[in-house]
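Please look over the sequence and the structure shown here before reading the questions and answers that follow.

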Amino acid sequence: TMRRNSFPAHTRNGISMASVPSLSASLQQRVSAALAAAVPSAVDADPLLRRSDRADFQANGVLGLAKRAKANPRELAAAVLAALPTDEVVGQVEVSGPGFLNISVPDAAITANLSLRAADDRLGVPEKAAPGITVIDYAQPNVAKEMHVGHLRSSVIGDAIAKILEFEGEQVVRRHHIGDWGTQFGMMIQYLLEHPHALDHTEGSDADAGEASMSRLDRLYKSARTLFDADEAFKDRSRRRVVDLQAGDPETLATWQRFVDESKIYFFSVYDKLDIEIADADIVGESGYNDMLVETCELLEKSGVAVRSEGALCVFFDDIKGKDGDPVPLIVRKSDGGFGYAATDLSAIRNRTGDLHATTLLYVVDVRQSLHFKMVFETARRAGWLTDGVVARHLPFGTVLGADGKPFKTRAGASVKLEDLLDEAVDRATAVVREKGEKIGLSEQEIVDNGRQVGIGAVKYADLSTSLGRDYIFDLDRMVSLNGDTSVYLQYAYARTRSIFRKAGPDQRPVAHPELALEPAERALGLHLDAFGDALAEVAESYEPHRLASYLFQLASLFTTFYELCPVLTADGGPAQVENRLLLCELTGRTLSKGLQLLGIRSPERL
Ligand code: ARG
């Protein structure tokens, strides 16, 4: 009675069927109709349907409605109940407490729903009917500078949000607004022109290419800085070099380009380690908006949005004041004529709304830049570059802390090298994976690969499972722990589903048997699987990836309980029950792996 087709086959063929309405959406619709039938003026009353431990779902909307209609809530609940006939998704309904409706869903509905999801490439998750264009600004390190843990957060969070939005059907444009422009380059360019070998590769260095690039850049920066501080003439030549850079002098630009290229070698090596794909074409740094700066300032001045103040071009805000009560302006052009960070961001907004036709602008940048974005968005609204239909959101994230609860630094006060952190995470994960891996006969290569996927996954998950605004402690021991809310726990749950299928024999594709009754652990797991699309929609709406992380953690926990209580391959109920349980395993596995993939985390087949 087992059908052919191996488990991943239908995820490979790229065919997606119609989306599967979630059971909660179907119920929501029916309860809404029943509310409207009981109180005709309540056409769009929210039934406030929630998952519940007492029944499968609880509708709490009667209470508010009773208050509005000045009715007795229990009587009203009884009237709603009468207008809610049982059907294929409405099982038992009863009134409880002051006027709640407890609703359970028939077992058959759960099994039928799982079977529809399993037949769909997208696990039944609908695609947005009217997608917009979202430009997301994340992963924006600075040229010739070491990346720090803040850049790690931006990259990990931005990558996950971009993937989730894309899966929801949104058109996503990625923009990596790297710091590749500004007066600081004058000194470095001048130094490199005077010391043409300063960026040459040193011999005998066995560090990887990325690290080697960064240490060359760092060495050059330090030498240039020392000279700049000690030698007035060099200082002057450096300042003139800034002017040449801004004027687009070819030799100066070519030298500047060397810094950008060298830095990209380093960035890409870190992103590679992080298992984050960044397309070179999406790297549009500050320099990319250089040609727009003059016009941006002119437009702001002409429209009166910006005014001159003490030689600088500024925008003022009523509600933004400094400690002394004086207004804090957004400085678009400094009194020396130089353009700042703000002028670039305003130009980038013009480009993103005007040329890229963005309907949503997202910025994944740490919380310390909140005021900057508040002022930039307000200025762009006044200037008409952000119209009412366009959403602009800064998604601020908190600081990564060391074990001492202070911002992550080494004892010497310097930021910890990102690559060292990642290497250490991989080392620890490999040790964890090795123990079990040797028992189940994994090869050395598999152990190494898994160690990497588990270690990097652990770092990403620790970040993504914390709500964005919160600071969190970077604690590797906790991150790679097998127990608790960690990616390793989820990865093990996934690997377990795969191991069940290996034992079941190859090419098993379970058929659903809706006529069979379900155990409580099966129902709980099935209902949670049904909520995957709802969880994703919530993330896409709130831009809070931790909601997906907690959905997946709950899924793995429910699966663990199911697995302990309900034998799969040796189910008492015979082959039909085996198939029903295999279906739960299959869908759990695919949902875990899809969810992890959207968070940028891999799921090894054997762990
Ligand atoms: N490069 C900046 C930094 O390291 C982040 C850029 C954020 N994006 C933006 N459009 N301002 O702090």
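**Helix α3 and the parallel sheet**

What covers the buried residues of α3 includes α2 (23–38), β2 (57–59), α4 (73–82) and β4 (100–103), where covering rests on contacts, that is, C-beta atoms placed from the backbone within 7 Å. This is a predicted model, in which local features need pLDDT of at least 70, side-chain atom pairs count only at pLDDT 80 or more, and totals for chains, interfaces and linings use all residues. Residues are numbered from 1 along each chain as its sequence is written.

Q: Within what arc do the buried residues of α3 fall, seen down its axis?
A: In α3 (residues 61–69), a DSSP run of H or I with at least four residues, G61, V62, L65 and A66 are buried, with 20 or more other C-beta atoms within 10 Å of their own. On the other side K67 and R68 are exposed, the cut-off there being 12 or fewer. The buried residues line one face of the helix because, by the directions from the helix axis to the C-beta atoms, they fall within an arc of 130°.

Q: Which strands stand at the edges of the open sheet?
A: The sheet has four strands (E runs of at least two residues) in the order β6-β5-β10-β11, with parallel pairing, and two strands pair if DSSP finds at least two bridges between them. β10 and β11 pair over seven bridges. One side is left without a neighbour in the sheet where a strand has a single partner, so the edge strands are β6 (171–175) and β11 (391–397).

Methods. Two residues are in contact if their C-beta atoms, placed from the backbone, lie within 7 Å.
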